[in-house]
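Visitor: I'd like to go through the cysteines in this one. Can you put it up?

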Amino acid sequence: RDARKEHDPNRVHSGDKAMLLFTFGRKHDAGFLQVVDTKPGQRLRLTAWCHAWSNHNLPGHEDCFEDGRCSCGVGTVPGFWWEDGVPPLNEDPWNDAKQNFLFAIGIDPMGGADPYSDTVVWGRAAYIYNTYAQLEVEATAEMHLATVFLRSATQWAFKHNDSYWDDIVLEEVDEMSDERGKPRVQYERFYILLPQNCGKEWALAAVEGSHGDRRTVGYSADDAGVADLDVRNVIAVNPGEWPGNLREFFAQYYEGVNYIAIEATTPQALREALSNPFEPSPPSGILLWQCDPRWKNEMIASQGCSLTLCQTGCWISASAMAQRYYGIKDDATPSSANQALGAADGFSGCLTLWSGMKTALGLEVVKKTLDDDEAQQWLDTGNVCFAEVEPETHMHFVLVTKYQGARFWMHDSYKNIEGWVDEYYPGVESWRLVRPFEPEPPPPPPTSENHIGLHLQTMSEGWDHYLANAKPRVTKVLASMHDVLGALRACPETKVIWRHVDNDTGNVWGPDPQTGAQNWLARFHDSLLEISNRVAQEFPHLPEPYFYAESINESYNSNAPDVTHAANIDIEYIHAIEALDLPVKAAVFCAAVGNPHHLYGQYELLLPLARVAAQTGSPFGYHAYWLANPEYGGPDHLWKYLAGRWTEIDDVLRAHGVHVRWFFGECGGVGGRSGYHPDGTGWVSLNANSGWKDGECYAGDWPRYLVDLMRFDELIAERNVTHGDYVVGGTPFTSGADYTGWLNFQLREEQFKAMAAALLERYERV
């Protein structure tokens, strides 16, 4: 990973960061390789700066342990020995530690990628600790490709085996290389590069402004670039008037040029700018031009926007530069950021959604502020700001990474310059404070391992004893919202899912998703407010969220457009719940068993919803029924198509880097049959009205049903072990008063007690 100067300047030889390769509590023989183009017969020289932090808890040297400046064998001072000159081993751990970390660099003149090949030419190896030292090796290329290797090898599994690398250079050398092309006397050069179409008055202004420092004034970018690598400064005046990208021109043809761009509207402004003390700043390596020919005509990846990156890509470009700054994506570009945001539904029209930046780009906008002091305090923490500049003409954002006094240093993707804000804009209207997004760790698992809760249409007798004794991880209530409070009284640890029972979804499904979601929430909005306040009063220390409010029941089918529409309603429902700013979360994707279709990419249609659900902590639900025909069945039967279809969906989401939590708002055995058609295709027919008491299901055989419920609990537990503790559990359908119906599904106090006994026995035994 990156070792950044802002965190520890001793770990960086030059610039802003170095490379760190490390192992923790184990040995390694590892490093980096790169294949480069060359030509046969060319002499190559590879140089690299490197050092180690080699730290372990050695007896008698406890003061060194965990000290970032202390390496075992040398302490806090620099340590360097060539391989053949290191003190020999003598069974003194402190002395022997000098031989822990060996560095070497090599060139394979054949262009191979095997560091163990006999063709690799290795330079002299050395033990290097605490401060940088340079290694060197030369070889003559034998092919059109050559490979360079950076290698570190440790002898012991110290707790901290960290190798740092910086300033790696591969160069062509010959007998004349040190003299050819260089002036007799080396001095720092400044070349004022004027646009080729400027008039005489501009040239005179440049000469007058540069006269005191004897700078060179000219019109040729090639002349500006030719000089000694270490001492070239090119001040490009109004570079936007050149036909191409000057910064990229120098980066490609005259590597090492310190490129500085300045803007001047008049010759007088140019004279004044050049007359000021000039303090060049090296290019940051993060500046990106939104009008770069490679992506300037790329459309914003939003169906609601018809503009290009060049036209309105400043925020996207600032985001890509921030990714580079933080090391989130070192090769980020406006194009890569645009495409990632588009894939994550990270736009509203042409505007970037802050929520989309989290998962798509790994960036979080913490807040907007108008206070310059607050922005400076934010920059002091090593973070960056997006500054809104030039508000009187159009909304434009630049990336700000540092300040000096009242001045702010910017990276401007539109002008393609790095410089002080006040040299190019009247000022900053507002700030956005930006940092890397670190997802909150998943909440700790409940105190109980029990994944089998209750599905309470009404609070039938014995429910409270089950919750208090079995302590299930999840419980679902469908009656009064005040029963949420009752469930928490019986078991504060349980995750309560509340479903508003209303089968009239006409004004929810039919309108656009946002309107539909708002219509659904309006039906129980006041109840949400009331019960969340009641829970807060009675349980002041209960962690948030207090409970979860389900979305529309079983709105997903196996038709792709309907799946997309249902997912969009759920997305808007999550946003609507979040906008209430209550300690309540949405519970979404309450899909009937067997939906969506396992073919035709329908699982991928859930990705936009899953990303929003993961960002907000809104769990996915599924109705995990299984076939319980007396002749066969159980949770394992057709697992990935019925009771375990959620695992298949989850695998697809995880493959795209999205992790959601799961619960099963309905589950259990139902009647039906499965088999194969004469053509060999399988079929399943479930009877949604056939519960465990029905002859087509378990025929009232409760002990057999209990075995299958325990097996379902076991399958959930196994998934949690292998994939992370992210499945809360399920609630077998159903229990409640007779008038609620579903009589052949009903679980009563007798079944509650049997489930509690079986679960307590299982987890006590485990």
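Guide: What follows covers the disulfides and then the unpaired cysteines, in a predicted model.

Visitor: How many disulfides does it have?
Guide: The count comes to three disulfides. With the bonded cysteines numbered in sequence order, they pair 1-2, 3-5, 4-6.

Visitor: Which cysteine is joined to Cys64?
Guide: Cys64 is joined to Cys70, with an S to S distance of 2.0 Å. Both of these cysteines are buried.

Visitor: Left-handed or right-handed?
Guide: The torsion about the S-S bond of Cys64 and Cys70 is about -110 degrees, so that disulfide is left-handed.

Visitor: And what does Cys291 bond with?
Guide: Cys291 forms a disulfide with Cys310, the sulfur atoms being 2.0 Å apart. This link is right-handed, with 85 degrees about the S-S bond. Cys291 lies in the loop between helix H5 and helix H6, and Cys310 lies in helix H6, so the pair ties together parts 19 residues apart in sequence.

Visitor: Where are Cys305 and Cys350?
Guide: Cys305 is in the loop between H5 and H6, while Cys350 is in the loop between strand E16 and strand E17, 45 residues apart. Their S to S distance is 1.9 Å.

Visitor: Buried or exposed, that Cys305?
Guide: Cys305 counts as buried at 8% relative accessibility. Cys350, at 26%, counts as partly exposed.

Visitor: New topic. Why is Cys590 not bonded to Cys667?
Guide: The sulfur of Cys590 is 14 Å from the closest cysteine sulfur, in Cys667, and that is too far for a bond. Cys590 is buried, at 2% relative accessibility.

Visitor: What is the nearest cysteine sulfur to Cys667?
Guide: That of Cys697, 13 Å away; Cys667 is in no disulfide. Cys667 is buried, with a relative accessible area of 0%.

Technical notes:
Residues numbered from 1 in each chain as written. Predicted model: local features only at pLDDT ≥ 70, side-chain atom pairs only at ≥ 80, totals over all residues. Heavy atoms only, no water. Disulfide = S-S within 2.5 Å. Buried < 20%, exposed > 50% of the residue type's maximum accessible area, 1.4 Å probe, protein only. Helix = DSSP H or I, 4+ residues; strand = E, 2+ residues; numbered from the N terminus.
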